[in-house]
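Please open the model in your viewer and keep the sequence panel beside it. The stops below are meant to be selected in order.

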Amino acid sequence: IEHLQGWLTLGNPSVPLAARPVAGASVGAWFLDGITKLELAQSWNLSPFLYSNGPQKRLRVAVDATLPYDDRWIDSARWNPVSVYDANAEYAWRARRPGTLAARVKGIAGVFREHSTERTQGFERIEAELSHTGAFGSLAALTHELRLFAGASDNAPVQRSIGLASLDATDTYTNDFLRGRDALCARSDVHYVVPGGAGLRG
């Protein structure tokens, strides 16, 4: 056996001396298709009314690391051969029903180390979006969706760059159909994208 593959995740863990589990906390380690991913995250539901109709507010903060270890399995179109360490935060808001206005902002900052040169560089990325879904006047059978997206990044590796049509490779790492080289939905002859990023189609 050359490489063992597997993963371990834990959500809402119980910790010593704590009276209750740490709600919203999660930790995970994955060793799959030539890339190791480590993640420590905490999510909060900041909505003022948890069990009734009201605006929805959520915040998630995480620390991630992706560490390639076998180039033979890696999809070079979606992953640079670099080790990436980053901290990221995402805030999402949605209006109370029947309103459909929603907003989201996400920021990422970290460093990556090139395997060939051992050089370490920093990078940053930020993105924001605003969306609205509704009907065309009294024509309830016809709906529209408007979405505004803006983002900027500086020196981000491919796996943490802003996707023109979908989420980045780090965010979709746990999707077995996208992660590795020649994965079912990552092949050039399969027209499939995970909604996210700038959301361009064409």
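Which residue is the bridge partner of Thr9 in S2? Select Thr9 and look across to S2: the partner is Gly28. The model before you is a predicted one. The pair belongs to an antiparallel arrangement in which six bridges join strand S1, residues 6-11, to S2.

**The whole chain**

Zoom out before going further. The protein has zero helices and eight strands, so that a cartoon view reads β-β-β-β-β-β-β-β from the N terminus on. Along the principal axes, the C-alpha atoms fill a box of roughly 60 × 55 × 30 Å. Switch on a surface: about 12,400 Å² is exposed, and carbon and sulfur atoms supply 61% of that area. Of the 202 residues, 33% are buried. Among contacts with a separation of 6 or more, 51% link residues 24 or more positions apart.

**From S2 to S3**

Select S2 (25-32) and S3 (35-45) together. These strands pair in the antiparallel sense over eight bridges. Val27 can be picked as a landmark, since in this pairing it stands opposite Leu40 in S3. The two strands form a hairpin with two residues between them.

Now centre on Asp33, which lies in the loop between S2 and S3. Its phi is positive, near 50 degrees. Is Asp33 buried or exposed? Its relative accessibility is 13%, and Asp33 therefore counts as buried, the cut-off for buried being under 20%. Display side chains here: that of Asp33 makes a polar contact with the side chain of Arg179, at 3.0 Å. Leaving aside neighbours within four places in sequence, Asp33 is also in contact with Gln5, Tyr69, Trp73, Ile74 and Gly180.

**The nonpolar cores**

Ile74, just met as a contact of Asp33, leads to the next selection. Together with Trp30, Leu32, Ile35, Trp79, Ala169 and Tyr173, Ile74 makes up the largest nonpolar core, which has seven residues. Centre on Tyr173 and show what surrounds it. Not counting residues up to four places away in sequence, Tyr173 touches Trp30, Phe31, Leu32, Ile35, Thr36, Lys37, Trp79 and Arg179. Arg179 is thus a shared point of this stop and the previous one, as it touches Tyr173 and makes the polar contact with Asp33. Elsewhere there is a second, separate core of five residues, including Val82, Val84, Phe112 and Phe123.

**From S6 to S7**

Keep Phe112 selected. Its bridge partner in S7 is Gln121. S6 and S7, the latter spanning residues 120-136, pair in the antiparallel sense over 12 bridges. They form a hairpin with five residues between them. Within that turn, pick Glu118, whose phi is positive at about 65 degrees.

**The loop before S6**

For the last stop, select Gly99. Where is Gly99 placed? The residue sits in the loop between strand S5 (82-94) and strand S6 (102-114). With a relative accessibility of 28%, Gly99 counts as partly exposed, because that class lies between the 20% and 50% limits. Finally, add Pro55 to the selection and draw a distance between C-alpha atoms. Gly99 and Pro55 are 44 residues apart along the chain, and their C-alpha atoms are separated by 9.2 Å.

Definitions and conventions: Residues are numbered from 1 along each chain as its sequence is written. This is a predicted model: local features need pLDDT of at least 70, side-chain atom pairs count only at pLDDT 80 or more; totals for chains, interfaces and linings use all residues. Side-chain values use heavy atoms; hydrogens and water are left out. A nonpolar core is a set of buried Ala, Val, Leu, Ile, Met, Phe, Trp, Tyr and Cys residues joined through side-chain atoms within 4.5 Å. Buried means under 20% relative accessible area, exposed over 50%, partly exposed in between (1.4 Å probe, protein chains only). Contact means heavy atoms within 4.5 Å. Helices (H or I, at least four residues) and strands (E, at least two) are DSSP runs, numbered from the N terminus. A polar contact is a pair of N or O atoms within 3.5 Å; within protein, one must be able to donate a hydrogen and the other to accept it, and residues adjacent in sequence count only if both atoms are side-chain atoms. Accessible areas come from the Shrake-Rupley method with a 1.4 Å probe; for residues, only the protein chains shown count as cover.
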